[in-house]
Amino acid sequence: MILGDLAKCLLRDFIMNFKKEFKILLLFAGIFLLFYFLPIENIRLQQSLVEALALTKWYAQEHVLLCLIPAFFIAGAISVFISQNAVMKYLGAKANKLLAYSVASVSGSVLAVCSCTVLPLFAGIYKMGAGIGPATAFLYSGPAINVLAIILTANVLGFELGFARAAGAILFSIIIGLLMHLIFFKDEEERNNNAPAMVLGADEEGRPLYQNAFFMAVMVGILVFANWNSTNETSGLFYFLYTYKWVITALFSLGLGVILVQWFKIEWWKILVVAIITAIFALSIPAYPVAAFTIGVAGLTIILNTKEGEPQDWLQATWSFAKQILPLLLIGVLIAGLLLGRMGNEGLIPSEWISNLVGGNSLQSNVFASVVGAFMYFATLTEIPIVQGLIDNGMGYGPALALLLAGPALSLPNMLVIRSVMGTKKTLVFITLVVIMATITGYTYGMYF
Amino acid sequence: MKKLQILGTGCPKCNKLAEQTKEAAESLGIEFEIEKVTDITKIMEFGVMMTPALAVDGEVKVTGKVPSVDDIKKMIQ
């Protein structure tokens, strides 16, 4: 008997292990075949590989230190210091409807910093809170207007497109929400009667609103001026701002130092030491302000890490954003470079295909961009290098905006989750509305820019 | 036997909460089981929207953040 059991057990282990091991074997075989047949001597592939590296180098030089790193600190600060409960109050079942729509359309900038929180929040607002209208409004605008997305879109694709993306997302999220509410008005009333209650954590005593606002404004100031681009003008306000951009950045950084001492109770001498070292770097090698900037960030990191409580929480949140997003972005940029290349240099996909499908600003191009965007899955922020590659290959600005709007809001995997929350019919209507709205926004934008 | 449920769709923060909870429960030396609730509709039944969240014996103790191990100990006891 015992022997028989043992044999059974061993057999089961063997089968289970075999299943697991077999997957690994398949993976190895796949990678082996890929390299076995890799047409490395093909000139086009060689050029594309160089393009992938060149694009990644450009990102590393232009976007990581001055843009992404401050953006991570801002996103971390938002997720730690801004009370989400305070925002959710306006999205509850008893909330004022008008207010609920406005809050839902803009709160993504604060609540959707991590893309994995968007769907639970959407489901919560739908099931326990203000209902289908505000829930779908939040779902549409959230991923497009989170701080990181806005900052990187404006930094890589230009201010106009960044602004159009945020404004388009907010405006059309309200319209989509209202339409969903009107279409499914009857269902809503029945459902509301047996909704579970929303559990919100206790409201913690945070710092006053004006302090938070000031703190965020100073960090946004650092971000904006460190990235201030030169213009063609040689006089006027913008030229003045460009000439003194590092002085202005330094002043904002000084402001941040004062805030850290006053409101975060950081020891003043720590800030002073970092400020002096940063200043020495800035004055001794003025040709490379990036060096001083990096020293300043490193100093800030050490200071935050040596102070328990809020400063450490802030650093931890910042670090978890960086850990989550940087690897995805690296892979996204490499793949975008390989497939799409850069301006004037084709990647693996011929430019002609792209300009045929989404070139110009025809209705057809916009529809195509919206539909593809709706179904395709973009890992956090990777829509940006991909859209950049497409624009360099001849995609029009209208379709680009359509893709940016429909892309992060929907993907095949999250459609399935949305369906499990609100059913097939409502999901289909929502997808249709997203595609239509993204198309209209893109088309309108394309006519003017 | 305490039933510790981690509510979350599987983002890094949820895994961190699971780790910290395990650590807290082990250091208290109590009998416990940890369950990860990843299905969004089940999470909604708890009334939770801000993930990750921790429920002890079916009662939600914290939402939307990962508390320190010491704080979790207090919630479990």
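Is A:Lys265 buried or exposed? A:Lys265 counts as exposed, at 55% relative accessibility. Buried means under 20% relative accessible area, exposed over 50%, and partly exposed in between (1.4 Å probe, protein chains only).

This is a predicted model, where local features need pLDDT of at least 70, side-chain atom pairs count only at pLDDT 80 or more, and totals for chains, interfaces and linings use all residues. Residues are numbered from 1 along each chain as its sequence is written, chains are lettered from A and ligands numbered from 1 in the order in which they are written, and side-chain values use heavy atoms, leaving out hydrogens and water.

Two residues other than glycine have a positive phi. Helices (H or I, at least four residues) and strands (E, at least two) are DSSP runs, numbered from the N terminus.

| Residue | Phi | Loop | Relative accessible area |
|---|---|---|---|
| A:Lys265 | about 60° | helix 13 (245-264) to helix 14 (268-284), chain A | 55%, exposed |
| B:Asp57 | near 50° | strand 3 (53-56) to strand 4 (59-63), chain B | 47%, partly exposed |

Chain B holds an open sheet of 4 strands in the order 2-1-3-4, with mixed pairing. Strand 2 (32-37) and strand 4 of chain B are the edges, each pairing on one side only. Two strands pair if DSSP finds at least two bridges between them. Strand 1 (residues 2-7) and strand 2 of chain B run parallel, joined by 6 bridges. B:Ile6 has B:Lys36 in strand 2 of chain B as its bridge partner.

Helix 1 (residues 12-28) of chain B lies across strand 1, strand 2 and strand 3 of chain B. Helix 1 runs at about 170° to strand 2 of chain B. Contact means heavy atoms within 4.5 Å. Axes are lines fitted to C-alpha atoms, for helices over the stretch in contact, and angles run from 0 to 180 degrees between N-to-C directions.
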